[in-house]
Amino acid sequence: MLSVSNAQAIILNLVQPLDNQRDTEVVDLLAAASRILAAPVTSPLDFPHWDNSAMDGYAVRYEDVQDSSAQQPTVLDIIEEIPAGYQPQSIIGRGQAARIFTGAVMPAGADTVVMQEKTRQEENRVFILAAPQAKEFVRHKASFYQAGTQLLPAGIQLNAPEIAVLAAAQCSQLNVYRRPRVAIFSTGDELVTVNQSLQPGQIVDSNQYALAALVRECGAEPLLLGIVKDEPVALEKIITDAVAIADIVLSSGGVSVGDYDYIDKILQSLEAKIHFQAVNIRPGKPLTVATLPTPHSPLYFGLPGNPASVLVTFWRFVLPAIKKLSGIQQGWEPIFLKVPSYDELRSDGQRETYLWGKLHLNDGIYQFHKATGSHSSGNLINLAQTNALALIPVGKTLISPQQEVQVLHLTIP
Ligand SMILES: Nc1nc2c(c(=O)[nH]1)N[C@H]1C(S)=C(S)[C@@H](COP(=O)(O)OP(=O)(O)OC[C@H]3O[C@@H](n4cnc5c(N)ncnc54)[C@H](O)[C@@H]3O)O[C@H]1N2
Ligand code: MOO
Ligand SMILES: [Mg+2]
C-alpha cells in the first residue's frame, strides 16, 4: 500500500499554487493580517530615514570628548535642544553639543551621542563624565534598510511583524493572494444537520462542520454544499457542481468498498484521474485523491467518512495542499516535534498510526499525553482538546512511557 510520505509527495506535486497575477486581490493593511503577499514590496524610504539618536543625552563631536573622564570632564556649550520630530537648525562646532532625545534627528557636525547618565548639566553647559565610543548611540540613515531594495518577498504570510514593517513603509494597501476556495460536502443516507431531529439510524453530519472550521482556520474559504444521499445521480451532480467552483473539493464518506460507497466510481465516470485510493495510515486508509479534467483542474480529496479519519487526513494531507495552493512559498509539509511520551502508545505495526492527544508543558519541556477513551476512528468524542498527533511508524508496535515520539503539532498555521 502507498506510504504516507509517498502520498504526501504525490499530493504536493499535484497542487498548482494560485497565480500571482490572476488570483490576487488588494486589501487594506488592517485586513491583511494572516494573508499571503502576492508581490514583493520595495520602499522608496530608507530605514532609519535619517541619522538619529538611540538615547536621551547629548549629541557631540567625538573628537571633542574622547578624553573625558569623571576626574577631567569635557565641558561643552549646549546650543540647541532637539526633541523627536524636530529638524535641527544649527551645526555643532568645536566645544559645542546639542541636548537630544531618543529618536530625534542628529544635528550636522555631531557624530556621537553621550547618554544622559554619563553627563551632568549645569545651565547651558554639559559635563561629559566618560569617554564614549566613536559614533556611539547613533542609528545611521539606511543602516536597517536601503530604499529601493526588497523589503518583503512574495509568498510570505503577513503576521504582526510584517504588518509593522508595511505600516512603517506607508504601504496602506497590499496585493495578496485570494483565499483558496474549498468546496465541502458530506455523503450518507444516515446524515442530518445539527438542527434536524434524529430518527433511528441517523447521526449528525459532524464532518461538514469540522471541515468548515479547519478550512477557515487555515485561511481558506469554505463553500458548504451540504449533505448528499448515497445515490449516484445526486453524487454526480454535487461533484460536478463542486469542481466547477472550487480549487479543492473535500467530500467525506463513500470511499471504502461497501455497496453504497460510490465516490470512486463516479469520479471514474467523470473521467477524473484517480492518483490513489488508499494510504497506509490509521485512521484514514481509504483516501481517494483525484484531479478532474476541467480547465482549472481542481484537486479532489475523497476523505473517509469516520470522523477521526476526516480530521487526521485533513491535518496530514489536506492542510499541506491548501498551504501550497495559497501561494505560501515554503514550509508546506507538517512539522514534527520529538518529545517524550507520557503514556504508553501502541499500534499493530502494520500502518503508520496517528494517536490523538495533547502536548503538555512539563517544566518547560513538551510531553505527549494520549487522549483517554477509545481511539476508534468512529469516536469523535475524545478528539475534543486535541492539539497534537503522535506518530507510530510502520514496524513499531510500542512506545513506552518517557520514550521519544514524533508528534505533529496542530496549531495552525
Ligand atoms: N470491508 C471493509 N470495510 C471498511 C474498510 C475496509 O478496508 N474494508 N475500511 C474502513 C475504514 S478504515 C474506514 S475509515 C471507513 C471509510 O468509510 P467510507 O469512507 O466509505 O465512509 P462511510 O461508509 O460513508 O462512513 C463510514 C462511517 O463514518 C460515518 N460518517 C460518514 N459521514 C459522516 C459525517 N459526515 N459525519 C459524521 N459521521 C459520518 C458513517 O456513519 C460511518 O459510521 O470504512 C471502513 N470499512
Ligand atoms: O482508516 Mo479508518 O479511518 O482506520 O477507520
Ligand atoms: Mg463506506
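## Exercises: loops, ligands and a metal ion

A142 lies in the loop between β10 (138-139) and β11 (150-152); helices (H or I, at least four residues) and strands (E, at least two) are DSSP runs numbered from the N terminus. This is a predicted model, where local features need pLDDT of at least 70 and side-chain atom pairs pLDDT 80 or more, while totals for chains, interfaces and linings use all residues. Residues are numbered from 1 along each chain as its sequence is written, chains are lettered from A and ligands numbered from 1 in the order written, and side-chain values use heavy atoms, without hydrogens and water.

**Exercise 1. Describe the backbone angle phi at A142 and at D363.**

Step 1: Start with A142, whose phi is near 65 degrees, a positive value in a residue other than glycine.
Step 2: Move on to D363, where phi is near 55 degrees, again positive in a residue that is not glycine. You will find D363 in the loop between β24 (352-362) and β25 (365-370).

**Exercise 2. Locate the cis peptide bonds that lead into P48 and P283.**

Step 1: F47 and P48 are joined by a cis bond with omega about -15 degrees. The loop between β2 (41-42) and β3 (52-53) holds P48.
Step 2: From R282 to P283 the bond is cis too, with omega near -10 degrees. P283 belongs to the loop between β19 (281-282) and β20 (288-291).
Step 3: Keep P283 in mind, as this residue is also one of those surrounding ligand 2.

**Exercise 3. Work out how the protein surrounds ligand 1.**

Step 1: Look at the shell, counting residues with a heavy atom within 4 Å. Of its 22 residues, E190, D205, S256, K285 and G305 come nearest. By type, seven are nonpolar, eleven polar and four charged; Asp, Glu, Lys and Arg count as charged, and Gly as polar.
Step 2: Find polar contacts (N or O pairs within 3.5 Å). The side chain of E190 has an N or O atom 2.6 Å from an oxygen of ligand 1, and N207 brings a polar side-chain atom to 3.3 Å from one of the ligand's nitrogens. D261 also takes part, with a side-chain N or O atom 3.0 Å from an oxygen of ligand 1.
Step 3: Consider burial. Alone, ligand 1 exposes 870 Å², and the protein buries 69% of that (Shrake-Rupley method, 1.4 Å probe).
Step 4: Name the elements that give two or more residues to this shell: β13 (181-187), β15 (203-204) and α4 (206-217).

**Exercise 4. Which residue coordinates the magnesium ion (ligand 3)?**

Step 1: Check the donors, which are N, O and S atoms within 2.8 Å of the metal (3.2 Å for Na, K and Ca); water is not among the atoms, so a site may look incomplete.
Step 2: D261 is listed twice, through OD atoms, at 2.3 to 2.5 Å.
Step 3: Place D261 in the loop between β17 (248-252) and α6 (263-269). D261 also has the polar contact with ligand 1 from Exercise 3.

**Exercise 5. What surrounds ligand 2?**

Step 1: Its neighbours are P283, G284, K285, P286, N306, S309, R351 and S377. They divide into two nonpolar, four polar and two charged residues.
Step 2: Oxygen atoms of ligand 2 lie 2.5 Å from a polar backbone atom of G284, 2.2 Å from a polar side-chain atom of S377 and 3.5 Å from a side-chain N or O atom of R351.

Note on methods:
A polar contact is a pair of N or O atoms within 3.5 Å; within protein, one must be able to donate a hydrogen and the other to accept it, and residues adjacent in sequence count only if both atoms are side-chain atoms.
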